[in-house]
Amino acid sequence: MSALLSVADAHVAYGKVEAVRSVSLEVGANQIVTIVGANGAGKTTLLSAIMGILPLKGRVAFAGQDLSRLDIEDRVAMGLGLVPEHRELFVTMNVEDNLELGAFRIERSKAKASMERVYTLFPRLKERRKQLAGTLSGGEQQMLAMGRALMGEPKLLMLDEPSLGLAPIIVADIFRIVTELRASGVSVLLVEQNAQAALKIADQAYVMELGEFVLSGKASDIAANERVAASYLGFQHEGASVI
Amino acid sequence: MNTTIMLFLVQDGITNGAIYALLGLALVLVFAVTRVILIPQGEFVTYGALTYASLAAGQMPGTAKLALALGIGAFVFDLFVARKALHGRLVVRSLVTNIVLPAIVLALTIYFAAQKPPVAVCIALSLVIVAMIGLYLYRIAFQPLAHTSVLVLLIASVGVHLALQGLGLLFFGAEGQRGPAVLSGSFTAGALRFTGQSITVYGITIAFIIGLWLFFGLTLYGKALRATAVNRLGARLAGIRTTLSGQIAFLLASVIGALSGIMIVPITTLYYDSGFLIGLKGFVAAIIGGLVSYPLTAVAALVVGIVEAFSSFYASNYKEVIVFMLLIPVLLLRSLAAPAVEEEKD
């Protein structure tokens with residue numbers, strides 16, 4: 001079976017500075033794949049380029065189709081979703097409007113059922129559905145950002161640092177939901193600084209350093225790797241210890 | 001001054017203010033969605049007004065031909081951008097919206113212009129013609145620059161304004177025109193006399209504001225427009241095309257402009273270059289609203305209208321100066337309220 005997302009020999013540059021060099025990656029159906037690495041390794045840059053926000057040199061294919069000529073909106077319509085690090089919510093609009101707009105490219109009749117699914121996944125959002133997105137707590141905003149992306153019925157959801165700055169109990173909740181997504185048939189490409197938590201739920205993992213993948217393989221093998229343990233699992237940020 | 005005169009001035013101010021309110025709202029909308037400061041808004045006003053007046057007088061307006069010419073330009077742009085991935089559906093869609101549609105409207109205009117059509121037909125044709133001009137202008141002049149800075153967009157906007165004004169002189173000549181009233185007749189209430197035309201202005205303005213409010217609050221496309229204004233990247237990640245939002249914004253702005261023109265031209269004689277000053281007054285209101293607030297813009301527009309009415313009574317030579325001077329205290333207050341100037345991020 002061919003991979004859902006395959007990236008081959010990708011380069012991403014900001015002007016003359018190459019932030020991502022010769023990176024290749026695959027995400028299969030029903031898989032959680034994680035990219036771990038220190039701050040500034042190029043993880044966010046890579047996700048942005050896969051989504052079409054930044055220009056990428058190399059080959060990116062999704063569901064067997066070449067993405068190079070497609071813009072962000074076309075990629076969304078194909079079933080590729082991104083929850084960016086800064087969430088990019090519509091802060092002056094309420095929760096329900098944010099979700100409704102997430103289904104902009106979906107048939108109206110399906111959007112209703114989609115919203116019910118999101119509310120089952122995040123009951124907190126249902127309680128706050130008339131509240132403005134900008135007034136939600138950090139954790140709720142993260143849930144809304146994920147919910148909005150899920151409204152578009154993605155086949156692959158890319159999550160950029162979903163645990164950043166959140167309380168440990170909410171982080172645990174978000175990681176639980178990520179595994180639920182896999183069970184419901186959505187693949188996830190997860191970028192995390194919280195390597196320990198990410199490696200625990202992922203199937204495959206890549207370790208990124210200074211714009212390159214230095215290690216890849218099954219998540220459990222990567223977690224057991226001594227070098228990874230020393231560089232990433234020893235010095236995690238606060239949220240990690242609970243999970 | 002006695003009460004009657006004051007009431008007259010207030011009434012006059014509110015009639016003008018209602019129109020400035022519509023124009024101000026359109027400016028806020030276009031700026032929020034596309035970051036374009038729409039200087040040519042005033043040309044939409046004159047084009048709407050003079051197209052309407054020409055049609056009503058049984059003359060063929062040049063704007064219908066301009067719409068077709070711009071449509072052909074927009075079609076070429078569409079093909080050029082999509083040249084590496086052309087497919088049939090895209091070509092057909094672009095052909096229909098950019099060439100077939102204005103060609104049909106041109107044919108209708110030629111047909112109707114020859115036989116002094118009824119007011120309703122004149123209004124419908126004028127609105128459609130100006131709406132198409134607005135839509136194609138966005139495609140040609142602003143969509144290719146969508147990723148650039150506010151300053152570049154402003155320069156393009158000034159360019160479009162000058163070009164349209166020049167073309168306006170070519171189409172309508174240097175002579176002023178007046179159009180027939182949409183609603184004739186009048187009635188008096190106390191000392192005040194309400195003409196059918198001023199009632200039309202109030203009615204249409206209120207209906208349009210309610211319509212816009214419903215559109216933005218309830219419909220998916222209205223919400224998509226707001227979403228683009230709030231967070232461009234967020235909107236794109238939800239699959240909302242920035243170009244679609246821009247097209248809708250320009251369409252609304254040009255229709256609002258043309259409608260305002262059609263409402264004014266039975267009251268005042270309009271020349272090919274009258275629109276600029278009218279648009280600027282809408283702009284004053286939009287600035288007072290900070291280019292973001294719709295309710296504040298509407299209220300400010302009424303204030304602008306009333307100040308203008310009073311200053312034309314007391315010091316008619318200085319009436320424009322007084323209106324534009326309103327900006328100084330507002331800008332001063334705003335700069336004090338927000339001392340930190342944020343650099344535009346790009």
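**Group meeting: a predicted two-chain model**

Hi everyone, let me start with burial: in chain B, 45% of the 346 residues are buried. Before going further, please keep in mind that this is a predicted model.

Staying with chain B, its secondary structure comes to 14 helices and two strands. How far does the C-alpha trace of chain B span along its principal axes? About 70 × 60 × 35 Å. And what about the radius of gyration? A compact globule of 346 residues would have one near 20 Å, and chain B has 20 Å, so the two agree. The contacts reach along the sequence as well: of those in chain B between residues at least 6 apart, 77% join residues at least 24 apart.

Now to the inside. In soluble globular proteins, nonpolar side chains tend to be buried together. Here, the largest nonpolar core holds 169 residues, and the ones with the most contacts inside it are B:A26, B:V30, B:I133 and B:A253. Which helix gives the largest share of this core? That is α5 of chain B, residues 119–142, with 15 residues. If you have the structure open, try centring on B:A253. Leaving out residues up to four places away in sequence, B:A253 touches B:A26, B:L29, B:V30, B:L38, B:Q41, B:F44 and B:G134. Two of those partners, B:A26 and B:V30, are also on the list of residues with the most contacts inside the core.

Over to chain A, and a strand I rather like. In a regular strand the side chains alternate between the two faces of the sheet. Strand β6 of chain A, residues 80–83, has A:L80 and A:L82 pointing one way and A:G81 and A:V83 the other, and all of them are buried. Its partner is β7 of chain A, residues 156–160, and the two pair in the parallel sense over four bridges. A:L80 stands opposite A:L156 in β7.

So much for the strands; next, the place where the chains meet. There, 21 residues of chain A are in contact with 17 residues of chain B. On chain A's side, α2 (72–78) and α3 (95–102) each supply at least two residues. By class, that side has eleven nonpolar, three polar and seven charged residues.

Last, a word on confidence. Chain A averages a pLDDT of 90, with 95% of the residues scoring at least 70. Where does pLDDT stay under 50 in chain A? Over residues 235–243, a stretch for which the model has 21 contacts beyond four places in sequence.

That's my tour; thanks for listening!

Technical notes. Residues numbered from 1 in each chain as written. Chains lettered and ligands numbered in written order. Predicted model: local features only at pLDDT ≥ 70, side-chain atom pairs only at ≥ 80, totals over all residues. Contact = placed C-beta atoms within 7 Å. Nonpolar A, V, L, I, M, F, W, Y, C, P; charged D, E, K, R; others polar. pLDDT = per-residue confidence, 0-100. Core = buried A, V, L, I, M, F, W, Y, C linked by C-beta atoms within 7 Å. Buried ≥ 20, exposed ≤ 12 C-beta atoms within 10 Å, placed from the backbone. Rg over C-alpha atoms; globule rule 2.2 N^0.38 Å. Pairing = 2+ DSSP bridges.
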